[in-house]
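Here are a few exercises on enclosed spaces in a protein. Have the viewer open and try each one before reading the solution.

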Amino acid sequence: MRESGNGGMGRLDYKRTFLIGLAFLSISGFWQMYDSIIPLILQNTFHLGETVTGVLMAMDNVLAIFLLPLFGALSDRADTKIGKRMPFILCGTALAVLFLLLLNVADRQQNLVLFLIVLFLLLLSMGLYRSPAVALMPDLTPNRLRSKANAVINLMGAVGGVYALLMIKLLVGAGERPNYLPLFASVGGLMAAAVFVLFATVREKQAAARVAEEEQGREDAKKDAVGQASGGSTVLSAPVKRSMAFLLASILLWFTAYNAVTTAFSRYTRVVWHMEGGSFADCLMVATVAAIISYIPIGNIASRIGRKKTILAGIVLMSVCYFAAIFVGAYHPVINLAFAAIGVGWAAINVNSYPMIVEMSKGSDIGKFTGTYYTFSMAAQIITPVLSGFLLENVSYRTLFPYAFLFSVLAFLTMTQVRHGDSKPEKKKDMLDNFDVED
């Protein structure tokens, strides 16, 4: 049965937001598996070095820099019976599942050329629907509720990540070249099932029309603050451009720090902490579960103290953990506490950064600005596997956490210069309204 939606938009429609989050769940499940397993295949099946592996791991982000803004903008202009984002989500998911299964064939045949061709097609398929999938939330959510909604979306993404980590732990066998087909099939099945349920339950076009109607009055006021619209595209004022530039720089810097850790962690734990097999997934799972627990509370906190302050607190928390990890020479259970803190800090950043980008845009440009957001996050993920991989191979594996700490501190400094895109609680019309705790 298709969901009809909530006619009143005063409160967040949690049911629909969880359903919208299924698209991000499928995406996050895929990327968690990809970041953990593809480097192992490149090294153990094809015997590539750290630097070359880093370059190949960065290539998907090079591709994404071009694909995400393109498909985000194309979905802005699309108009079909099932909506403007849904066709991209359906086609992209179907193709991605197909090529994910074919990837295992190339691995078993030890055919590097075939592997790279299939990998390219797989990444092209993921790029087809990533921006449209992420843009679906702001399309169907009023601005003042987007931090809360983004918390739900990120929670769903974290669930997808935990699922992939569990499958890695349960389905990846011992040895340098295990058969990854059970893992790939389980992740592909999750992706297909999640997007099928999304399509079967959310009527994108009808829900988007209701939100657009409600937001029209607020959008008119926003044009005066942000800039006048011309030809359906937002023209940012000079102060907002400055804030946008610093926010995008912050996004690049904190992704440079975080992605260095997540990409190299499976190898770092083996070399420095002497961990074997898939045991490294435990630390990442702790971080992901901590993020799941904290996403919705963080969304509520941000609605009270503001997005910027919440992001800065998250950066501080992660920086402290990166700094402490510099002095850890071997695995100890207390490390899990640090990874839990990293998960909370990353949640604080993720819940609020994308809504700040969208706040500086307007409804018709959400797909384009979503692409811009991913352009900078992907640029970081192009730079950091190569740079950090070079340091790991030619200096020491112990450069990983000093590297992450440095870029995290730089992100804090640039974020302090952001002056727009925050969300302030609306003043209650009546004193009694203050006793009505929303959501």
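**Exercise 1.** Which helix supplies the largest share of the lining of the largest cavity?

*Solution.* Bear in mind that this is a predicted model. Start with the space itself: the largest cavity holds about 910 Å³. Its lining has 41 residues, and S28, F255, Y258, W346 and N350 are the closest to the centre. Next, go through the helices. At least two lining residues come from each of α1 (14-44), α2 (50-77), α4 (112-139), α5 (146-171), α8 (238-271), α9 (281-305), α11 (335-359) and α12 (366-394). The winner is α1, with seven residues.

**Exercise 2.** Sort the lining of the largest cavity by class: how many residues are nonpolar, polar and charged?

*Solution.* Take the classes one by one. You should get 22 nonpolar residues, then 16 polar ones, and finally three charged ones.

**Exercise 3.** What is the volume of the second largest cavity, and which residues line it?

*Solution.* First the volume: about 70 Å³. Now the lining, which is made up of W31, D60, L63, A64, L67, L68, L123, M126, G127, R130 and M378. Then assign helices: α2 and α4 each give at least two of these residues, with the largest share, five, coming from α2. Last, the classes: eight residues are nonpolar, one is polar and two are charged.

**Exercise 4.** How many cavities of 30 Å³ or more are there?

*Solution.* Apply the 30 Å³ cut-off and count what passes: you end up with eight cavities.

Technical notes
Residues numbered from 1 in each chain as written. Predicted model: local features only at pLDDT ≥ 70, side-chain atom pairs only at ≥ 80, totals over all residues. Heavy atoms only, no water. 1 Å grid on protein atoms, 1.4 Å probe; cavity = no way out; pocket = protein on both sides within 12 Å on 5 of 7 lines; lining within 4 Å. Points joined across faces, edges and corners; volume = space filled by probe spheres on them. Helix = DSSP H or I, 4+ residues; strand = E, 2+ residues; numbered from the N terminus. Nonpolar A, V, L, I, M, F, W, Y, C, P; charged D, E, K, R; others polar.
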